[in-house]
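Q: Got a minute to look at a model with me? I'd like to go through how its parts pack.

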Amino acid sequence: MTSEAVPHVPIPPRGVDYRNKIVLAPMVRSGELPSRLLALQYGADLVWGPETIDQSMIGTTRRINERTGCIEWSRLPSNNGGYGDNTKPSIIYRMHPEREGKKLIYQMGTCNPDRAVEAARLVAPDVAGIDVNAGCPKPFSTDGGMGAALLKTPDKLCAILEALVKNIVPEFGIGISVKIRILKDPKDTEALVRRLVRTGIIGLTVHCRTTPMRPRERAIRDQLRMVRDVCHEAGVACLMNGDVTSRDQAVALMAEYGVDGAMIATSAEKNSSCFRSEADGGMASWSEVVESYLRHAMDVGNKFGNTKYLLAQLVPGRHAEQVGMFKGHSYSDMCAALGYAHLMDKAREVDEALEIDPASLKRAKEELERQKRQRKAEANEARRLQRASNTAGSGNASAAAAGGNMAEARSSDQQPKRSLSERGPSATTPAVAATAAATVATEVLPQNAAGIAA
Ligand SMILES: Cc1cc2nc3c(=O)[nH]c(=O)nc-3n(C[C@H](O)[C@H](O)[C@H](O)COP(=O)(O)O)c2cc1C
């Protein structure tokens with residue numbers, strides 16, 4: 001039976017049908033706005049945003065960034081122990097209404113039905129669906145009872161989904177879905193999925209790994225057909241996830257397992273053109289993907305640190321460009337390192353808008369270096385002068401004596417010794433040493449003088 005022939009729960013008017021979709025997985029850090037735009041550019045049918053914890057969203061202010069056209073939810077950071085700039089709002093979530101709004105699924109981390117609804121209300125008018133993360137194995141999620149911890153508290157997970165279905169679907173007209181992992185015992189997975197599909201959700205993604213499994217362990221697909229059957233009985237779309245690496249492979253796997261769609265994470269993180277079928281051109285070179293990514297990142301004014309992180313994922317290791325990239329402090333630096341002279345004007349514009357000022361930072365560093373070099377040169381010169389004056393004093397006397405002019409030698413030796421204060425400012429004091437050094441440098445060492453004075 002094709003997925004179209006399977007009865008399906010109604011899709012809310014502003015919602016999206018997950019059937020026949022190959023989608024970008026939710027990825028914290030790697031699934032920010034430019035990565036999603038890149039995935040859409042190469043043919044992803046839908047994109048999941050990175051998990052965002054309900055409590056981070058609650059209390060944010062929504063605003064439209066006039067320059068980029070993005071919608072941003074931001075808030076003032078907490079005190080942070082007195083460190084950092086607490087007066088500048090941090091952007092918690094950002095999306096582009098025209099370029100992804102109808103294809104964006106907002107994923108939340110939550111362990112509380114009321115908070116889930118409160119957070120969902122903030123974004124529901126702008127996105128195409130809301131997904132609950134019930135699969136993240138990381139302690140920051142599970143310690144708070146979120147993510148994969150919800151697989152062990154099905155009552156709570158169902159209560160969250162029911163609250164979202166009851167409050168968000170009628171008011172905002174979008175669907176609710178959930179992303180889970182398989183449990184070790186297929187019977188437990190089945191029991192869980194049977195409960196989940198009765199909550200009113202429109203879709204369920206199953207990551208075919210158990211909670212303790214590491215990402216490099218191969219996905220286990222032997223529960224997939226069972227999960228699909230349970231989903232289909234209830235009319236819920238079933239998406240598979242885990243080791244799906246390209247559109248063509250996804251199409252083949254969907255046919256093999258009879259699931260409605262497939263979700264790609266790590267392969268898309270490395271090269272988003274995995275969403276493009278061979279028939280449409282297949283995988284693009286990393287250099288093409290990197291340039292496209294950088295253009296998207298600059299268009300939306302992505303946070304520079306995130307862009308730099310993503311570029312490091314997209315540029316294969318050991319490439320000379322990467323060496324330059326790691327040292328970069330700005331979009332201009334990145335474009336220079338990658339040899340994108342044609343993007344330089346745009347990069348400077350974005351640096352300015354984001355208040356990244358590489359020129360001043362660079363100037364400051366160069367100035368500090370110059371001062372250090374100058375201090376060293378002055379000290380060396382002062383030492384050299386001191387040595388020269390010592391040699392002049394004793395050396396001439398001995399030379400005169402050696403030449404037989406003992407009277408001159410004696411008179412030279414017999415100069416009354418004066419105290420330091422009598423001699424006036426000593427050439428060994430820093431001020432005089434510096435003046436002397438400068439004089440000698442100008443008169444005796446014109447090349448050095450030019451360098452020092454530069
Ligand atoms: C960098 C990274 C961040 C992730 N963040 C999330 C997340 O926010 N929410 C989530 O449900 N899963 C998250 N995952 C898991 C993926 O969505 C996906 O389930 C997993 O990587 C398996 O798919 P794959 O085999 O295609 O990589 C993340 C994975 C990666 C690599």
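A: Sure. Pro 113, Ala 116, Val 117 and Ala 120 in H4 meet Ala 159, Ile 160, Ala 163, Leu 164, Asn 167 and Ile 168 in H6. Two residues are in contact if their C-beta atoms, placed from the backbone, lie within 7 Å.

Q: By class, what residues does the contact of H4 with H6 have?
A: Nine are nonpolar, one is polar and none is charged. Ala, Val, Leu, Ile, Met, Phe, Trp, Tyr, Cys and Pro count as nonpolar, Asp, Glu, Lys and Arg as charged, and the others, Gly among them, as polar.

Q: Before we go on, what sort of model is this?
A: This is a predicted model: local features need pLDDT of at least 70, side-chain atom pairs count only at pLDDT 80 or more, and totals for chains, interfaces and linings use all residues. Residues are numbered from 1 along each chain as its sequence is written.

Q: And what are the H and S labels?
A: Helices (H or I, at least four residues) and strands (E, at least two) are DSSP runs, numbered from the N terminus.

Q: Back to H4 and H6. At what angle do the axes cross?
A: At roughly 40°, and the axes of H4 (residues 113-123) and H6 (residues 154-172) come within 8 Å. Axes are lines fitted to C-alpha atoms, for helices over the stretch in contact, and angles run from 0 to 180 degrees between N-to-C directions.
A: That makes H4 oblique to H6. Angles under 35 degrees count as roughly parallel, over 145 as roughly antiparallel, 65 to 115 as roughly perpendicular and the rest as oblique.

Q: Which helices pack at about 170°?
A: H11 (residues 286-299) and H12 (residues 304-314), with axes 10 Å apart. H11 is therefore roughly antiparallel to H12. On the H11 side, the contact includes Trp 286 and Tyr 293; on the H12 side, Leu 310 and Leu 314 are among the residues. The contact of H11 with H12 has eight nonpolar residues, one polar and no charged.

Q: How do H7 and H8 cross?
A: The axes of H7 (residues 186-196) and H8 (residues 224-233) cross at roughly 20° and come within 10 Å. H7 and H8 are therefore roughly parallel to each other. Their contact includes Glu 190 and Arg 194 of H7, and Val 230 of H8. By class, the contact of H7 with H8 has six nonpolar, one polar and two charged residues.

Q: New topic. What order do the strands of the open sheet have?
A: S4-S5-S6, three strands with antiparallel pairing. Two strands pair if DSSP finds at least two bridges between them.

Q: Which strands stand at the edges?
A: S4 (61-64) and S6 (90-95). Each has a single partner strand, so one side of each is left without a neighbour in the sheet.

Q: How many bridges do S5 and S6 pair over?
A: Five, with S5 covering residues 71-75. Arg 75 stands opposite Ser 90 in S6.

Q: Last one: how many residues surround the ligand?
A: 24, and the closest are Ala 25, Met 27, Glu 51, Ala 265 and Thr 266. Near here means a C-beta atom, placed from the backbone, within 6 Å. H10 (residues 266-270) gives the most to the shell, with three residues. The shell has 10 nonpolar, nine polar and five charged residues.
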